[in-house]
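Dear colleague,

I am handing over the structure we spoke of, and I would be grateful if you could look it over alongside the notes underneath.

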Protein chains: 2
Amino acid sequence: MSPQPPFSGVSRRALLSAFAALPVLSISARAQTAASGDTLPSWNEGATKQAILNFVTAVTRQGSPDFVSADERIATFDNDGTLWVEHPMYTQLAFGLDRVKVLAPLHPEWKNTQPFKAVLEGDMKTLAESGEHGMAELVMATHAGMTTEEFEKIVTDWLATARHPKFKRPYTELSYQPMIELLAYLRTNGLKTFIVSGGGIEFMRPWTERVYGVPPEQVVGSSIKTQFQMRDGRPELFRLAEVNFIDDKAGKPVGINEFIGRRPIAAFGNSDGDLELLQWTTLTGGTRLGLIVHHTDAVREYAYDRDTPFGRLDKALDAAAANKWTVVDMKSDWKRIFAFE
Amino acid sequence: MSPQPPFSGVSRRALLSAFAALPVLSISARAQTAASGDTLPSWNEGATKQAILNFVTAVTRQGSPDFVSADERIATFDNDGTLWVEHPMYTQLAFGLDRVKVLAPLHPEWKNTQPFKAVLEGDMKTLAESGEHGMAELVMATHAGMTTEEFEKIVTDWLATARHPKFKRPYTELSYQPMIELLAYLRTNGLKTFIVSGGGIEFMRPWTERVYGVPPEQVVGSSIKTQFQMRDGRPELFRLAEVNFIDDKAGKPVGINEFIGRRPIAAFGNSDGDLELLQWTTLTGGTRLGLIVHHTDAVREYAYDRDTPFGRLDKALDAAAANKWTVVDMKSDWKRIFAFE
């Protein structure tokens, strides 16, 4: 992982307010837009939209040779870059960098220890060079050492005040309106929508229901280990500095099998991290939908694919052509990208 | 773990039929019984039944100080001894012993290697003495080394032919009718029912929806690791001989947090393995339901608590008194135990 500038705008943020409500549009308001207007109103007419509609019709129409019973209609969505913005860095990394700054007074040794020194000095080049080991140290120092309830509050408070450096808005407003309409459209047709993300499961669960309409029990993600303990007669789960599960690449089918226990019939991703998710979902012989969000709009969002540190789309783009997965061209397929446009 | 005799009746069973349908009553037929008759018809009137009804009324009545929104109504059930019979041995152990006999021709070395030698010779005393290490070896030898799809078929086929040594019926018919009514009653009142069992997650998922009305994605259990791989252009998950997660005792709150991501408002168990599940659910300050099934009916089922190798109920029985958990006296609280009575 090698973060790109600019992040100075993010890195100065801190935990300013403990009780502020998150200023995002409610999911109910946004879902109504999709339900009361045309189907998928933020999608332009064309082959991409038609592929989605055709798939849903095929699997839901009684008597169709492709009919899938309601129980088996599992749809899985990657999160970073598929449902919300992942550039110029993963939101969870921005959170981690901010946490290092907040916690620095408790850790005077960080001034002379990498990768913390680099974070505190805003030296992103050195941070990037610390590689996976550095990132793991960063995660453990900022995501462990508290109860699950405490961590949930830290995440919620951070999201209430942090702003994206380009859009100057809360990260939860940077979810893609066409994808939110798609989630609602699939649910209307009896598909059960799950998130299957490389991101931290406990970083996502506090807000996915409000923003995406996906409840905590339908979120699969990476995790660290937790330990049950009684403290003053009350039970709690303490977050340990030890990796439990990495829900990325070949880990995505593993996570789906473990958490959901059914093979999805539709999968939505945007990067090589979703290749195995798409393979597991679509290469079964039945009518399945594999879809890749291709970031092609440098003006309204970002344009990147084969050569980027976050959300690289290279092997999966080649596999899309070979396996007839649907590729969304954000620039031409999406009428609007964000609800606030 | 120290299995008790008799199991000779089980141990001679093998995989006789590859395609037989499981001869169990369908969940829809059994749930209808509960819906069309009185509420919980297989429960005798009394304090236990009333405690359940009072709890459900309290958390579902709008304006009640104990009201819980529908999203948060999570109910968690242990499986072995809580939803179906666990004596004279866990069903999954009976499955494992049968698998050793089926696989023995491929493993001539088992004739001289413990714990396999003991299983093949029906020497249950030596098997019991092999302890946790022996049990782990047994699980790995019989539950790993195939794809997830292959394992599901092995489990389904075994359940179609295996019979319980006392009741001479398929294990899936040995689910408790009062608990099936309770599951349906809770769902009717907007509670989402999950299984949280020390048993193998992939041993349960093939049949929990049909028998309990609990779909695969609402089953939490123990697991071994799996590995994603492509074989002849098709994706598969291969089951490895390595423990992934033990969903028992202090592991149950950990599993709930990881898989469900919400704290339950009701928990149902029967043994010390459910102590932390009950603590995690009930010791929160709100109105919660903790319930323990106490096996007190040696005639219709089994009677055991503090001194038994399977489903020992000792610490949790003391904790029930201290924490005001509801204790089901099977003999007096259940009008009937099985649907076939």
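The notes below take up the single chain, then the relation between the two copies, and then the cavities.

Please keep in mind throughout that this is a predicted model. Chain A contains 15 helices and seven strands, and of its 341 residues 57% are buried. Its accessible surface amounts to about 13,400 Å², with 52% of that area belonging to carbon and sulfur atoms. When contacts in chain A between residues at least 6 apart in sequence are considered, 69% of them join residues at least 24 apart.

As to the pair, a turn of 180° with a shift of 0.0 Å along the axis lays chain A on chain B with an RMSD of 0.0 Å, and the two copies are therefore related as by a two-fold rotation axis. In chain A, the C-alpha nearest that axis belongs to A:Phe259, at 3.1 Å from it. The same surface serves both copies, since 100% of the contact residues of chain A recur in chain B.

Turning to empty space, the structure holds five cavities of 30 Å³ or more, and the largest cavity has a volume of about 50 Å³. Its lining consists of A:Asn244, A:Phe245 and A:Glu258 together with B:Asn244, B:Phe245 and B:Glu258. The elements that give two or more residues to this lining are strand 4 (234-245) of chain A and strand 4 (234-245) of chain B. By class, the lining of the largest cavity comprises two nonpolar, two polar and two charged residues.

With best regards

Methods:
Residues numbered from 1 in each chain as written. Chains lettered and ligands numbered in written order. Predicted model: local features only at pLDDT ≥ 70, side-chain atom pairs only at ≥ 80, totals over all residues. Heavy atoms only, no water. Least-squares fit on C-alpha atoms with pLDDT ≥ 70 in both. Contact = heavy atoms within 4.5 Å. 1 Å grid on protein atoms, 1.4 Å probe; cavity = no way out; pocket = protein on both sides within 12 Å on 5 of 7 lines; lining within 4 Å. Points joined across faces, edges and corners; volume = space filled by probe spheres on them. Helix = DSSP H or I, 4+ residues; strand = E, 2+ residues; numbered from the N terminus. Nonpolar A, V, L, I, M, F, W, Y, C, P; charged D, E, K, R; others polar. Buried < 20%, exposed > 50% of the residue type's maximum accessible area, 1.4 Å probe, protein only. Areas by Shrake-Rupley, 256 points an atom, 1.4 Å probe, with all protein chains shown as cover.
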